[in-house]
Amino acid sequence: MTDAWTDMKRRSIMNVCMHCSGGTSFLKSKETSDVSHTGEVIFELVDKSIEEVGAEHVMQVCTDNASNNMAAKKLLLEKRPKIFWTSCATHTINLMLQGIGNIKRFKSIVDQAQKVTIFIYAHHKTLAYMRKCTKRRDIIRPGVTRFASNFLTLQSLAEKRDALRGMVVDRAWEEMPIVKTKKGKDATATLMDANFWKGVTLCLKVFEPLFCLLRLVDGDVKPSMPWLYGEMLKAKTKIKEAFGNNEKNYRETIAIIDKKLKGRLDSPLHKTAYLLNPHYTYANKEIFDDSSMTVALMRCAEQYFGDDEISLKKMINEEWLLYENMEGPFKKNLASSWERADYNPVGWWKLYGTEVPLLQKMAMRILSLTSSSSGCERNWSVYEMIHTKRRNRLTIDRLNNMVYIQFNTRMLSKRQRLKDKKKTDSLVSNDASEAQGWLFEGGDDHALVVFRDDEDGDQGVHPATGIPYDVIGEAMGAQEQLQVRRSARVRDLEEEEFESEEEDVLQDDDIEYEDDDEY
């Protein structure tokens, strides 16, 4: 897994992590400030890392779907044709959520809900009274992305619906001067609007299946590759049911999901992992009859075995038939453990695949894979903690060593928590950096994690370098240059002459978020 990051001194750093059945671990980082992030640069970094780990130990490379990563993919397949290159499932699902969230019927509900929280959190009295009515439970629940913050906060609103409606009809609320303003009246009307709450319920029903899938691929509880494609199909079914199975109503939403899914999460490797998971295939034997699944299996097996045609033919013509027809060890009563949702696919193949050694080895390797590179992206927070304003002269080598220790220590602690069966939610964040849209107007523009889709952006490339123009523009700081700024002199005058006598507006750093589970 690989991803890029820019530190406080504007140095560009590329991270490389590796994933195995035990979880994600940090491998190394490299400064790339002096070069453009072209496909060749990414390929050289990834290829060197594979050489260090050992090509025989590497099954796949996982990155987002950026054009430079896809260029690196082509170069790697030419040199190492047996290694798969897949798109990050977390990135793709967030693109789905972004697209669905821009649909007018959903966006209007989120906008209404944000206006309510912005009004409540902007004033001490309204915030204190809201906390009193909800037994000191906050509405806003920050997530790791703004989409996660939207879902978690809408979920929190729905849970506190009766308390919030009781709050706005109370005399103490009505007597607050700030509530009598237009924004106050709008917030009160929104919380008492039955159509608003119906919209919140629909949003949660539509978003929840994708967020359940996001929790699966973004967490390190278990390898996600065996479950990704099957759970995606289930999510689409649940979304259709949320719309009452009315095609006219769900057509636009499903179209967005299918568009982002195509070419990313429906590769031969993803479909083969789906076929190798008996939790799906043995529960519905018709999956084996799907010609598209058969083609995906053949393509995946051909890439996996490479030039070893003898093993390929034996696996497809002999061993696969035993598995498909539930013969040999696969028909034992004990093998029915696949019916449980919490069973271990890799352990199942280890126990019952002994008579099909070639298929067993391939299945165990594929089903041990991750489907997401989000573990690599989590290095950002570690870098930010180490590379602060007071400690920003660290060399790249020292920074790399410190991140290696910090990140891997955190991962070991996380694995221990999972062994102790302590519940953790991979979507919940400890800070409000991705929940700014719920705190002040235009806050979503300040989100740190931005999801871009090359299919929706400018596809032009520089003829000499082959670098996309949108990448060049970002490196030049084009958007920052065009942002409207006030001069320092005007800003100082405004700060001196116009001091509000109204209640102080709360900043996000002043807000302490309390966990609902504590009450």
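At roughly what angle do the axes of helix H4 and helix H10 cross? In this predicted model, the axes of H4, which covers residues 104-121, and of H10, which covers residues 194-218, come within 10 Å and cross at roughly 120 degrees. That angle makes H4 oblique to H10, and the crossing is left-handed. On the side of H4, the contact is made by Arg105, Phe106, Ile109, Gln112 and Ala113. On the side of H10, Phe196, Gly199, Val200, Leu202, Cys203, Val206 and Phe207 take part. Sorted by class, the residues of this contact are 9 nonpolar, 2 polar and 1 charged. The spacing of such residues along a helix can be understood from a general rule. An α-helix has 3.6 residues a turn, so residues three or four places apart point the same way.

Helix H10 also crosses helix H6. The axes of H6 and H10 come within 9 Å and cross at roughly 130 degrees. The two helices are therefore oblique to each other, and their crossing is left-handed. From H6, the contact draws on Phe147, Ala148, Phe151, Leu152, Leu154, Gln155, Leu157 and Ala158. From H10, it draws on Trp197, Val200, Cys203, Leu204, Phe207, Glu208, Phe211 and Arg215. By class, 13 residues of this contact are nonpolar, 1 is polar and 2 are charged. Val200, Cys203 and Phe207 of H10 appear in the contact with H6, and these three residues also appear in the contact with H4.

With these crossings in view, the reader may turn to the chain as a whole. The protein chain holds 24 helices and 5 strands. Of its 519 residues, 48% are buried. Among the contacts with a separation of 6 or more, 69% join residues 24 or more positions apart.

Helix H13 illustrates burial within a single element. This helix spans residues 268-275, and 7 of its 8 residues are buried, so the rest of the structure largely encloses it. The buried residues of H13 are Leu269, His270, Lys271, Thr272, Ala273, Tyr274 and Leu275.

A single residue may be examined in the same manner. Ile50 belongs to helix H1, which covers residues 39-53. Is Ile50 buried or exposed? Its relative accessibility is 5%, so Ile50 counts as buried. Leaving aside residues up to four places away in sequence, Ile50 touches Ala55, Val58, Val61, Leu76, Arg80 and Ile83. The C-alpha atom of Ile50 is separated by 9.8 Å from that of Met18, although the two residues are 32 residues apart along the chain.

Aromatic residues provide a further view of the structure. A pair of aromatic rings is described by the distance of the centres and the angle of the planes. How many aromatic pairs does the structure hold? There are 22 aromatic pairs. One of them joins Tyr282 and Trp348, with 6.2 Å from centre to centre and 75 degrees between the planes, an edge-to-face arrangement. Tyr282 lies in the loop between helix H14 (278-281) and helix H15 (291-305), whereas Trp348 lies in helix H17, so the pair ties together parts that are 66 residues apart in sequence. Both Tyr282 and Trp348 are buried. The rings of Tyr323 and Phe330 have centres 5.6 Å apart and planes at 75 degrees, so this pair is also edge-to-face. Both Tyr323 and Phe330 are buried. These four residues belong to one aromatic cluster, formed by Tyr282, Phe288, Trp320, Tyr323, Phe330, Trp338, Trp348, Trp349 and Tyr352.

Finally, two loop residues deserve attention for their backbone angles. Arg136 is not a glycine, yet its phi is positive, near 65 degrees. Arg136 is placed in the loop between helix H5 (124-133) and helix H6 (146-159). Its relative accessibility is 46%, so Arg136 counts as partly exposed. Met326, which is likewise not a glycine, has a positive phi of about 55 degrees. Met326 is found in the loop between helix H16 (309-324) and helix H17 (345-352). With a relative accessible area of 26%, Met326 is partly exposed.

Note on methods. Residues are numbered from 1 along each chain as its sequence is written. This is a predicted model: local features need pLDDT of at least 70, side-chain atom pairs count only at pLDDT 80 or more; totals for chains, interfaces and linings use all residues. Side-chain values use heavy atoms; hydrogens and water are left out. Axes are lines fitted to C-alpha atoms, for helices over the stretch in contact, and angles run from 0 to 180 degrees between N-to-C directions. Helices (H or I, at least four residues) and strands (E, at least two) are DSSP runs, numbered from the N terminus. Angles under 35 degrees count as roughly parallel, over 145 as roughly antiparallel, 65 to 115 as roughly perpendicular and the rest as oblique. A crossing is left-handed if the near helix is turned anticlockwise from the far one by less than a right angle, and right-handed if clockwise. Contact means heavy atoms within 4.5 Å. Ala, Val, Leu, Ile, Met, Phe, Trp, Tyr, Cys and Pro count as nonpolar, Asp, Glu, Lys and Arg as charged, and the others, Gly among them, as polar. Buried means under 20% relative accessible area, exposed over 50%, partly exposed in between (1.4 Å probe, protein chains only). Rings of Phe, Tyr and Trp (its six-membered ring) pair if their centres lie within 6.5 Å; planes under 30 degrees apart count as stacked, over 60 as edge-to-face and the rest as tilted.
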